[in-house]
Amino acid sequence: MVSALALGVGGVVLLTVRSWRTALGVLLELLVAAGLLRLPGGRSWPALATAVAVIVLRRVLWAGLGTPAPADHQPAGGPGPTGGPPPAG
């Protein structure tokens, strides 16, 4: 059920934003969430293997696209601890 909803939301994002990368990111994040939601109820090796497979698929797809995963982005201000510009140097 959650996986079907994730596909629907990914399609809506694709139609509204018109960015397949954004839609793919949303779809993969929701599929990871669906896999993690199955873990407490199932407590079985297939449920764990499914969650791991979705997470690996997400990482491989983002690596193949040459873009950092959505959770790996740095703050807009750069690498400085306060978010300001990096020190001159």
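These legends go with a set of close-up views of a predicted model.

**View 1. The whole chain, an all-helix run of α-α-α from the N terminus on.** The protein has three helices and zero strands. Of its 89 residues, 22% are buried. The exposed area comes to about 6200 Å², and carbon and sulfur atoms supply 71% of that. As for contacts between residues at least 6 apart in sequence, 40% of them join residues at least 24 apart.

**View 2. Helix α1, from residue 2 to residue 17.** This helix has 16 residues and reaches 22 Å from its first C-alpha to its last. That is close to the 22 Å expected at 1.5 Å a residue. Which residues of α1 are buried? They are Ala6, Gly10 and Val13. Look down the axis of α1 and its buried residues fall within an arc of 60°, so they line one face of the helix.

**View 3. The other face of α1, turned away from its buried side.** Here you'll find the exposed residues Ala4, Leu5, Leu7, Val12, Leu15 and Thr16. Leu5, Leu7 and Leu15 are among the exposed residues on this face, while Val13 belongs to the buried set of α1.

**View 4. Arg18, just after α1.** Arg18 sits in the loop between α1 and α2. Its phi is worth a look: the angle is positive, about 60°, although Arg18 is not a glycine. Is Arg18 buried or exposed? With a relative accessible area of 68%, Arg18 is over the 50% cut-off and so counts as exposed.

**View 5. A salt bridge between Arg58 and Glu29.** The two side chains meet at 2.7 Å, N to O. This pair links distant parts of the chain, with Arg58 in helix α3 and Glu29 in helix α2 (residues 20–42), 29 residues apart. Side chains of opposite charge can pair when their charged atoms come close. How many salt bridges are there by this rule? The count comes to one. The partners differ in cover: Arg58 has 9% relative accessibility, which is under 20%, so Arg58 counts as buried. Glu29, at 32%, falls between the 20% and 50% cut-offs and therefore counts as partly exposed.

**View 6. Ile55 on helix α3, with Leu31 for company.** Ile55 lies in α3 and is partly exposed, with a relative accessible area of 33%. Where does Leu31 come in? Its C-alpha atom is separated from that of Ile55 by 8.5 Å, although the two residues are 24 apart along the chain.

**View 7. A nonpolar surface patch of about 530 Å².** Which residues make the patch? Trp45, Leu48, Val52, Val56 and Val60 do. One of them, Leu48, lies in helix α3, which covers residues 45–65. Leu48 has a relative accessible area of 36% and is partly exposed. Patch members need over 30% relative accessible area, so Leu48 at 36% clears that cut-off.

Definitions and conventions. Residues are numbered from 1 along each chain as its sequence is written. This is a predicted model: local features need pLDDT of at least 70, side-chain atom pairs count only at pLDDT 80 or more; totals for chains, interfaces and linings use all residues. Side-chain values use heavy atoms; hydrogens and water are left out. Patches are made of residues with over 30% relative accessible area and no salt bridge: like charges are joined within 9 Å, nonpolar side chains (Val, Leu, Ile, Met, Phe, Trp, Tyr) within 5 Å. Accessible areas come from the Shrake-Rupley method with a 1.4 Å probe; for residues, only the protein chains shown count as cover. A salt bridge is a side-chain nitrogen of Lys or Arg within 4 Å of a carboxyl oxygen of Asp or Glu. Helices (H or I, at least four residues) and strands (E, at least two) are DSSP runs, numbered from the N terminus. Buried means under 20% relative accessible area, exposed over 50%, partly exposed in between (1.4 Å probe, protein chains only). The expected span of a helix is 1.5 Å times one less than its number of residues. The arc is that of the directions from the helix axis to the C-beta atoms. Contact means heavy atoms within 4.5 Å.
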